[in-house]
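The questions below ask how certain descriptions of this structure are justified. Each reply sets a value against the rule it must meet.

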Amino acid sequence: MSPSPWPLWIAHRGAGKLAPENTLAAFRLGAQHGYAAFECDVKLSADGVPFLLHDATLDRTTNGRGIAGARPWGELSRLDAGSWHGRAYAGEPLPTLDAVATFCRANGQALNIEIKPTPGHERVTGEVVAREAQRLWRGGTPLPLLSSFQPQALEGARDGAPALPRALLMDSLATGWFELARSLGCVAVVANYVACSREMVERLHGAGMWALCYTVNDESPARWLLGLGLDGLITDAVDRFAPHAA
């Protein structure tokens with residue numbers, strides 16, 4: 001089993017909950033805490049621009065309303081994605097994948113891109129995000145890890161940029177999880193940490209695949225997971241875990 005090309009500790013949505021998620025402000029804060037690897041959610045605007053947002057709707061984390069993927073980027077780019085978190089972040093915009101790639105490459109940081117399609121647009125979202133990621137990271141290392149809960153999005157990513165590494169996201173180890181990950185050409189599985197076990201890690205490592213987990217925010221489960229030999233831990237607690245500690 002070769003070592004993972006990505007750092008062990010990965011900051012969730014930029015800086016967990018300490019800054020408005022999926023914004024460049026969150027990435028900057030995560031970097032200030034020493035993190036060199038980040039996770040973010042990427043979907044498509046109505047006119048095909050990959051941008052960062054977790055939810056299908058704009059309501060929770062912006063001053064907009066309705067389905068995000070139904071709006072063109074020109075409208076989305078003018079929204080306030082920071083005030084919901086606090087006045088200090090008022091006016092923080094939604095970033096494009098292009099902007100985040102520029103930040104990560106300039107600072108030598110790794111990125112796990114969760115493909116988060118608007119429902120009904122799984123395959124095209126995977127394909128477009130993968131193609132854009134391939135363009136943005138051309139000649140750069142490490143390559144971004146493309147992950148999704150949606151098999152169709154991973155199929156699209158495989159078609160759009162077959163050379164980029166992919167990972168299957170799972171909330172639980174449903175029957176056939178390993179075979180599904182293999183059939184999608186995944187190099188890793190990213191599982192809810194409560195679903196992780198030594199058997200899962202050993203099965204993945206035995207197949208030359210990496211095992212990552214989300215979202216680990218407390219010391220006790222973190223110690224247990226590290227003891228299992230996990231290759232990556234995604235956390236909100238960027239102020240509590242030293243990212244260079246094993």
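**Cavity, cysteines and cores**

In this predicted model, about 40 Å³ of space lies in the largest cavity.

Q: How many cavities of 30 Å³ or more does the count come to?
A: The count comes to one cavity of 30 Å³ or more.

Q: What makes the lining of the largest cavity mostly nonpolar, polar or charged?
A: Its residues divide into eight nonpolar, one polar and no charged. Among the lining residues are Trp6, Ile10, Phe38, Leu111 and Asn112. Asn112 counts as polar, because asparagine is in neither the nonpolar nor the charged list. Strand β4 (110-115) supplies at least two lining residues, as does β2 (37-44); the largest share, three residues, comes from β4.

Q: Why is cysteine 196 said to be in no disulfide?
A: A disulfide requires two cysteine sulfur atoms within 2.5 Å. The nearest cysteine sulfur to that of cysteine 196 belongs to cysteine 213 and is 4.8 Å away, so the pair does not meet the cut-off. A search of the whole structure finds zero disulfides.

Q: Why is cysteine 213 called buried or exposed?
A: Buried means under 20% relative accessible area. Cysteine 213 has 0% relative accessibility and therefore counts as buried. Cysteine 196, at 5%, also counts as buried.

Q: Which residues touch the most other members of the largest nonpolar core?
A: Of its 58 residues, these are Phe27, Leu111, Ile113 and Leu230. Apart from that core lies another, of 13 residues, including Trp6 and Tyr214.

Methods. Residues numbered from 1 in each chain as written. Predicted model: local features only at pLDDT ≥ 70, side-chain atom pairs only at ≥ 80, totals over all residues. Heavy atoms only, no water. Core = buried A, V, L, I, M, F, W, Y, C linked by side-chain atoms within 4.5 Å. Buried < 20%, exposed > 50% of the residue type's maximum accessible area, 1.4 Å probe, protein only. 1 Å grid on protein atoms, 1.4 Å probe; cavity = no way out; pocket = protein on both sides within 12 Å on 5 of 7 lines; lining within 4 Å. Points joined across faces, edges and corners; volume = space filled by probe spheres on them. Helix = DSSP H or I, 4+ residues; strand = E, 2+ residues; numbered from the N terminus.
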